[in-house]
Amino acid sequence: MSKIALTGIKPTGTPHIGNYFGAILPALELAKSYTAFYFIADYHALTTVKDGKALQAQTYEVAATWLALGLDYEKATFFRQSDVPEVFELQWILSCFTPKGLLNRAHAYKASVDQNIATQKDSDDGINAGLFNYPVLMASDILMFGTNVVPVGLDQKQHIEITRDIAETFNNVYGDLLTVPEGLIQEDLMTIPGIDGRKMSKNYNNTLPLFLPPKKLRKRVMQIQTDSKTVEEPKNPDECNVFGIYKLFAPPQQIQDLRTRYESSGMGYGAAKQELYELLENRFGQNREKYNSYIENPAEIERILFEGAKKARAIARERLNKIRSAIGTTPLST
Ligand code: TRP
């Protein structure tokens with residue numbers, strides 16, 4: 001049996017090409033060499049998203065995005081966190097093996113506390129216990145499925161360490177019931193430039209969303225910031241945001257050709273942007289059609305997620321029952 005890789009996707013914000021190259025593509029690649037689990041972490045999003053319609057819409061957006069980009073839901077297990085209630089029972093159990101001080105030191109919680117202190121508020125002002133307990137829910141997601149590796153960005157590294165801590169503490173008491181996972185940390189991720197040259201991020205409002213309609217996409221590409229060199233002047237492709245995005249996924253020969261055009265006279269930035277737009281269209285146009293067909297058919301998304309949840313729950317129930325036996329509660333009949 002191949003090892004298990006598990007990816008949690010928080011349904012916040014519209015997926016953009018920075019997400020694609022930084023997270024989605026590498027996570028989809030893992031399905032080639034691992035038994036892959038992908039899930040939408042909607043109950044993690046509830047710590048911040050307090051609008052039911054928005055949470056549902058974002059859940060569908062994220063599901064449609066991953067499906068449109070090639071997630072094979074028959075081969076992998078693809079589900080929505082809230083459809084697997086076993087996870088929340090495990091969260092309670094694990095919380096009884098989590099030192100509170102460990103959670104005090106978790107980055108997201110600590111940052112909110114520090115912010116409050118800096119602004120002379122009560123240290124826990126405006127902080128919900130969901131944010132505080134967030135790492136335990138994440139540990140539960142991971143440990144529930146016997147996960148071996150978790151691909152995450154650097155910002156999630158501490159969560160993996162907390163998960164390992166909790167698993168080891170639990171195993172020390174009851175024997176090796178939980179698999180201690182490894183983080184597959186993508187430290188040297190290429191930074192994807194946004195349209196203003198800073199790292200592409202929804203926080204900077206500088207993204208190229210993956211599935212904008214063609215006209216809007218073209219308009220957005222035309223907004224990419226460049227210097228003001230004229231058509232006649234030779235240009236440095238390595239200092240240009242347009243080229244920086246282009247080279248992420250154009251074929252090598254095309255990259256070389258565009259480089260040559262930058263370095264010689266006669267190409268304006270408008271032409272380079274048009275090249276980039278066409279490349280994006282070629283690469284993601286078909287995915288967009290698939291995406292739109294899912295968005296127009298949420299019942300199909302529900303069907304896929306429900307099938308995924310069935311598979312996930314069977315695995316979850318088995319592990320949970322072993323844990324129930326160990327801790328002295330009674331296994332549920334299946
Ligand atoms: N906390 C992760 C994030 O913000 C999402 C997540 C929830 C997750 N549960 C997980 C990631 C389990 C990996 C494994 O991106």
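# Exercises on a predicted protein–ligand model

In this predicted model, a polar side-chain atom of D141 lies 2.8 Å from a nitrogen atom of the ligand. The exercises below start from this contact and then move to the chain and its elements.

## Exercise 1. The ligand site

**Task.** Determine which residues besides D141 place a polar side-chain atom close to a ligand nitrogen, and describe the shell around the ligand.

**Solution.**

Step 1. Two further distances are relevant. A polar side-chain atom of Y134 is 2.7 Å from a nitrogen atom of the ligand, and one of Q156 is 2.9 Å from a ligand nitrogen. The cut-off for a polar contact is 3.5 Å between N or O atoms.

Step 2. Consider the cover on the ligand. Alone, the ligand exposes 370 Å², and the protein buries 89% of that.

Step 3. Assign the shell to secondary structure. The elements that supply two or more residues are β1 (4–9) and α7 (129–144). The largest contribution is that of α7, with four residues.

Step 4. List the shell and classify it. It consists of L6, G8, K10, F39, A41, H44, Y134, M138, D141, I142, V150 and Q156. By class there are seven nonpolar, three polar and two charged residues.

## Exercise 2. A glycine of the shell

**Task.** Is G8 buried, partly exposed or exposed when only the protein is counted as cover, and where in the secondary structure does G8 lie?

**Solution.**

Step 1. G8 belongs to strand β1, and G8 is also one of the residues around the ligand.

Step 2. The relative accessible area of G8 is 46%. Buried requires a value under 20% and exposed a value over 50%; G8 is therefore partly exposed.

Step 3. For a spatial partner, take Y38. The two residues are 30 residues apart along the chain, and their C-alpha atoms are separated by 6.0 Å.

## Exercise 3. Helix α8 and N171

**Task.** Test the length of α8 against the expected span, then describe the surroundings of N171.

**Solution.**

Step 1. Helix α8 covers residues 157–174. At 1.5 Å a residue, its 18 residues should span 26 Å; the end C-alpha atoms are 26 Å apart, so the two values agree.

Step 2. Identify the buried residues of the helix. They are Q158, H159, I160, I162, T163, I166, A167, F170 and N171.

Step 3. Examine N171. Its relative accessible area is 9%, and N171 is therefore buried.

Step 4. Find the partners of N171. Apart from neighbours within four places in sequence, N171 is in contact with D176, L177, L178 and V180. With L178 there is a polar pair: the backbone oxygen of L178 lies 2.8 Å from a polar atom of the N171 side chain.

Step 5. Inspect what comes after the helix. α8 is followed by G175, whose phi is positive, near 90°.

## Exercise 4. Positive phi outside glycine

**Task.** State where Q120 and N205 lie, and decide whether each is buried or exposed.

**Solution.**

Step 1. Q120 is not a glycine, yet has a positive phi of about 60°. N205, likewise a residue other than glycine, has a positive phi near 55°.

Step 2. Locate them. Q120 is in the loop between α6 (107–118) and α7. N205 is in the loop between β5 (182–185) and α9 (214–222).

Step 3. Apply the accessibility criterion, for which exposed means over 50%. Q120 has 74% relative accessibility and so counts as exposed. N205, at 62%, counts as exposed.

## Exercise 5. A contact across the sequence

**Task.** Which residues outside its sequence neighbourhood does I304 touch, and what is the C-alpha separation of I304 and L67?

**Solution.**

Step 1. I304 is found in helix α13 (residues 298–327). Its relative accessibility is 2%, so I304 counts as buried.

Step 2. Not counting residues up to four places away, I304 touches L67, Y73, F78 and Y294.

Step 3. L67 and I304 are 237 residues apart along the chain, while their C-alpha atoms are separated by 9.7 Å.

## Exercise 6. The whole chain

**Task.** Summarise the secondary structure, the extent and the burial of the protein chain.

**Solution.**

Step 1. The chain has 13 helices and five strands.

Step 2. Along the principal axes, its C-alpha atoms fill a box of roughly 80 × 50 × 35 Å.

Step 3. Of its 334 residues, 46% count as buried. The chain exposes about 16700 Å², of which carbon and sulfur atoms supply 50%.

Step 4. Among contacts between residues at least 6 apart in sequence, 75% join residues at least 24 apart.

How values were computed:
Residues numbered from 1 in each chain as written. Predicted model: local features only at pLDDT ≥ 70, side-chain atom pairs only at ≥ 80, totals over all residues. Heavy atoms only, no water. Near = heavy atom within 4 Å. Polar contact = N/O pair within 3.5 Å; in protein donor to acceptor, adjacent residues only side chain to side chain. Areas by Shrake-Rupley, 256 points an atom, 1.4 Å probe, with all protein chains shown as cover. Nonpolar A, V, L, I, M, F, W, Y, C, P; charged D, E, K, R; others polar. Buried < 20%, exposed > 50% of the residue type's maximum accessible area, 1.4 Å probe, protein only. Contact = heavy atoms within 4.5 Å. Expected span 1.5 Å × (residues − 1).
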